[in-house]
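Let us walk through this structure slowly, beginning with its cysteines and then turning to its open spaces.

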Amino acid sequence: MKKVYQVLLLCYCIISFVSSAMANESIRTAWLAESEAVPAWYAHDMQMDKILPFEFKLFPTGKRLVDSSNQWDIAACGLIPALDSILKKETKIIGIGVDESKGNALFVREDSDLLKNNYKNLKDEANSIRGKTILCAFGTNAHQLVLSWLEKYGLKDTDVRLVDTKPEEALQAFIKGMEDIVVLWAPDSYKASENGLKVLATAMDCDVKFYTVLLANSKFLEEYPDKVEQFLSIYYDAQDKFKALSLDEQAKLYNKYLWDIANYNLETSYAYKGIKENYFISKNDQYKELICHDFTTKFCITLKKAIYFYGYINALSRNQIDYLLETNYIYSK
């Protein structure tokens, strides 16, 4: 009997030790140096992640991030790169990061003929656009925004000349007088305004939205759904606490966040704009927005448009488009 008791005691100690170790086990997270990472960073900075410590890994682009999905459990990036990893069945969407639509826009110089408001009709305005040269990064939000803008006027990308250029390079070239239109997202869109460039059209003008998404590694999600739920609970709690702060406090923390994870010192005016123009989606709204079986919510409409955009530029086959429209890859408890 004594031996049985000792064995049971030993088993209890082992189970307790393992349970304790699992309780303090960390979760690997991956981010770009953008707004959707703020709640995770804030949770870690405020020690809200004690029960599930967050490890942080930073990537320079969404493509690099999704191509390294074996290196993280939870991550965030734009919808377009996320589609690649979803197609490979490596990840699933578990939430929305931010609505970053407001930071995306087409810019022209102050003397551009496209700023005139004396066109007699849409056809005349469309004719003024034909043949223009546009700087934008291919396969990105900027590219999708251009196509949506052209569609308003019954035009296609073949009616203009698109030049594949990274945002920071595009801005510098445009300031020096090159080409007719430049398409940018934050923070380069903020710099454009400071350099005297004028907004020609915003995402809102073109009836298109841009979200970042929270992703889970598919294998991790399947094995540890409770940890994913735990992460989301901490993330949304931190998000609510951050949003409750004054704008001044948020801007200071936003700068601290960028310095902590990327050694990047953002100008204060850009920090304020970043806070104002990148909208966090509340936990309750997330659950409503992520119901995509009929593609009627704002997020799901955005997802559908992103899929068709990706297909239009020949980044997806017809079978892949059908898969993304018909398969459930959005996690719900």
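The sulfur of cysteine 77 lies 16 Å from the closest cysteine sulfur, in cysteine 292, which is too far for a bond, since a disulfide is a pair of cysteine sulfur atoms within 2.5 Å. Cysteine 77 is also buried, with a relative accessible area of 0%, where buried means under 20% relative accessible area (1.4 Å probe, protein chains only). Cysteine 136 is likewise in no disulfide, and the nearest cysteine sulfur, that of cysteine 206, is 13 Å away.

This is a predicted model, in which local features need pLDDT of at least 70 and side-chain atom pairs count only at pLDDT 80 or more, while totals for chains, interfaces and linings use all residues. Residues are numbered from 1 along each chain as its sequence is written, and side-chain values use heavy atoms, with hydrogens and water left out.

Which cysteines, then, form a disulfide? Cysteine 292 and cysteine 300 do, with their sulfur atoms 1.7 Å apart, and the torsion about their S-S bond is about -85 degrees, so the disulfide is left-handed. Cysteine 292 is buried at a relative accessible area of 13%, and cysteine 300 is buried at 0%.

We now turn to the open spaces. A pocket is an open set of points on a 1 Å grid over the protein atoms alone, where a 1.4 Å probe fits, with protein on both sides within 12 Å along at least five of seven lines; lining residues have an atom within 4 Å of a point. The largest pocket has a volume (the space filled by probe spheres set on the points) of about 1,400 Å³. Of the 48 residues that line this pocket, those closest to its centre are Leu32, Glu34, Pro60, Thr61 and Trp185.

Notes:
Buried < 20%, exposed > 50% of the residue type's maximum accessible area, 1.4 Å probe, protein only.
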